[in-house]
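Me: Could you take a close look at one part of this structure for me, and then work outward from there as far as seems useful? I'd like one connected walk-through rather than a list.

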2 protein chains.
Amino acid sequence: MTVSTRQNLLDIAARHMRSRGYAAFSYGDLAAECGIRKASVHHHFPTKEALGLAVLDAHQEKFSARLQAITDDAADLRERLTAYGALFREGSGDGLLPLCGALAAERDALPQAMRDKAAGLLRVQLDWLTDVLAQGGVAHAARSAMALLVALEGGAIVGWGLSGVASGHPFDDLVAELCASLCAGAKGSHHRISH
Amino acid sequence: MTVSTRQNLLDIAARHMRSRGYAAFSYGDLAAECGIRKASVHHHFPTKEALGLAVLDAHQEKFSARLQAITDDAADLRERLTAYGALFREGSGDGLLPLCGALAAERDALPQAMRDKAAGLLRVQLDWLTDVLAQGGVAHAARSAMALLVALEGGAIVGWGLSGVASGHPFDDLVAELCASLCAGAKGSHHRISH
DNA sequence: GACAGGCTACCTACCAGTAGGTAGACAAGT
DNA sequence: ACTTGTCTACCTACTGGTAGGTAGCCTGTC
């Protein structure tokens with residue numbers, strides 16, 4: 001009905017991966033939450049690795065589309081960075097970690113194919129950010145892109161680790177500040193940042 | 001002999017938690033690596049939660065001592081921040097994630113007591129950093145401390161996720177830069193940061 | 001319109017392996 | 001004698017995965 005069982009499973013699995021980690025959920029959990037039997041989950045995703053890869057693929061696809069939309073809709077650097085930040089932390093409101101960050105934390109326990117795909121996802125974001133910054137006239141675009149991504153991922157992790165149900169993200173200011181400073185510096189070779 | 005079995009188990013468990021995650025290693029793994037039987041691991045740590053808490057306690061103790069040593073030995077702000085950065089990423093050379101960051105990623109799958117202790121550990125670091133920055137004359141010490149911690153945790157995660165066996169940490173520069181900018185700003189109300 | 005064939009989505013029942021955990025014996029050190 | 005550290009041997013619950021089957025829905029063909 002509403003949505004396909006397959007899509008439902010993908011959503012549930014993604015949620016688990018972003019709050020408990022890949023190793024900490026089972027086909028049994030998925031089946032129970034979805035209201036079907038374990039074997040039926042295997043019907044849709046023969047192995048857990050296949051499921052993990054499918055989650056990453058779906059995420060990749062959705063994320064790329066969103067990035068493209070930002071590039072298309074937002075003409076100005078500040079606007080693009082703001083939209084990116086919003087997109088990035090979109091799930092955090094639901095208490096979810098960014099998928100790549102969550103997976104990175106258990107990298108050595110992941111199947112190789114998943115490691116590679118997750119790394120690829122990070123690279124895509126980094127490349128997109130670098131392009132946006134470079135087009136916006138920011139010097140050292142690659143380095144600044146890394147700074148931004150690191151702040152977002154790190155902020156999500158630290159905020160997530162600190163807060164049981166804590167207030168908003170104590171690092172939102174930081175990211176906003178970093179964006180502002182990047183925009184401010186877009187036309188010169190250096191710029192200010194207030195503290 | 002050499003070191004106590006208990007300490008050996010703690011070290012092995014910490015290594016697993018920082019590379020695979022808490023959910024992804026078992027008493028069987030520990031026993032095999034330590035050269036004893038599973039039941040003997042239970043003799044030292046009756047439950048997995050007790051083991052996890054002991055790892056966190058040991059980490060806490062060691063870390064606090066190191067922080068105290070930095071406060072004692074390094075008089076100057078820049079020196080202290082440099083020492084902190086070095087301490088923080090000390091294990092990264094061995095391909096390990098910071099303990100708190102790694103645990104944060106699977107927070108919802110952890111026993112409540114471990115969640116709390118991990119959050120406490122983060123808080124300790126944040127408070128220490130805030131003190132150091134405030135004493136160093138940095139304005140908005142709390143916010144800057146958060147920026148630093150976020151950069152370090154995020155950098156570790158992103159670097160870890162990106163690199164199979166990649167080069168050094170692509171974010172080391174960023175952290176050094178952030179430290180430098182904080183030091184530079186220590187006497188004024190604002191400062192420059194180069195890009 | 002009936003009917004076969006194939007397909008999707010699900011089921012029950014099972015597998016071998018492993019999870020965390022327990023009970024009780026033994027040997028060595030004090 | 002008591003404690004400490006380890007052992008063998010076991011438990012129950014659950015893991016990812018498989019075998020084999022069923023009910024319903026298309027599609028084509030007569």
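Reply: Let's start with G137(A), which comes after helix 7 of chain A and has a positive phi, near 90°. Bear in mind that this is a predicted model, and that goes for everything below.

Backing up into the helix itself, helix 7 of chain A runs over residues 112–135, which makes 24 residues. At 1.5 Å a residue, a helix like that should span 34 Å, and the end C-alpha atoms are indeed 34 Å apart, so the length agrees with what you'd expect. As for what is tucked away, the buried residues of helix 7 of chain A include M114(A), A118(A), A119(A), L121(A) and L122(A). Further along, Q125(A), L126(A), W128(A) and L129(A) are buried too, and so are T130(A), V132(A) and L133(A).

Over in chain B, helix 4 covers residues 48–73 and contains H59(B). Is H59(B) buried or exposed? Its relative accessible area is 17%, and since the cut-off for buried is under 20%, H59(B) counts as buried. Leaving out residues up to four places away in sequence, H59(B) touches L99(B) and L121(B). D73(B) also lies in helix 4 of chain B, but there the accessibility goes the other way: with a relative accessible area of 64%, D73(B) is exposed, because the exposed class starts over 50%. From D73(B) to A83(B) you go ten residues along the sequence, and C-alpha to C-alpha they sit 10.0 Å apart.

Now to the DNA, beginning with strand C. It has 16 residues around it, and R37(A), S40(A), H44(A), K38(B) and K48(B) come nearest. Looking at the contacts one by one, an N or O atom in the side chain of H44(A) is 2.7 Å from a phosphate oxygen of DNA strand C. The backbone joins in at K48(B), where a polar backbone atom is 2.9 Å from a phosphate oxygen of the strand. A base gets its share through H42(B): an N or O atom of its side chain is 3.1 Å from a base nitrogen of DNA strand C. The elements giving two or more residues to the surface near this strand are helix 3 (38–44) of chain A and helix 3 (38–44) of chain B, with helix 3 of chain A giving the most, four residues. By class, that surface has six nonpolar, seven polar and three charged residues. Of the atoms of DNA strand C within 4 Å of the protein, 55% belong to sugar or phosphate and the rest to bases.

What about DNA strand D? Here 15 residues surround the strand, the closest being K48(A), T5(B), R37(B), H43(B) and H44(B). A polar backbone atom of K48(A) is 2.8 Å from a phosphate oxygen of DNA strand D, and R37(B) puts a backbone N or O atom 2.8 Å from a phosphate oxygen as well. T5(B) uses its side chain instead, with an N or O atom 2.8 Å from a phosphate oxygen of the strand. Helix 3 of chain A and helix 3 of chain B each supply at least two residues of the surface near DNA strand D, and the largest share, four residues, comes from helix 3 of chain B. That surface splits into five nonpolar, seven polar and three charged residues. Sugar or phosphate makes up 56% of the atoms of DNA strand D within 4 Å of the protein, bases the rest.

Note on methods: Residues are numbered from 1 along each chain as its sequence is written. Chains are lettered from A and ligands numbered from 1 in the order in which they are written. This is a predicted model: local features need pLDDT of at least 70, side-chain atom pairs count only at pLDDT 80 or more; totals for chains, interfaces and linings use all residues. Side-chain values use heavy atoms; hydrogens and water are left out. A residue is near a molecule or strand if one of its heavy atoms lies within 4 Å of it. A polar contact is a pair of N or O atoms within 3.5 Å; within protein, one must be able to donate a hydrogen and the other to accept it, and residues adjacent in sequence count only if both atoms are side-chain atoms. Ala, Val, Leu, Ile, Met, Phe, Trp, Tyr, Cys and Pro count as nonpolar, Asp, Glu, Lys and Arg as charged, and the others, Gly among them, as polar. Buried means under 20% relative accessible area, exposed over 50%, partly exposed in between (1.4 Å probe, protein chains only). Contact means heavy atoms within 4.5 Å. The expected span of a helix is 1.5 Å times one less than its number of residues.
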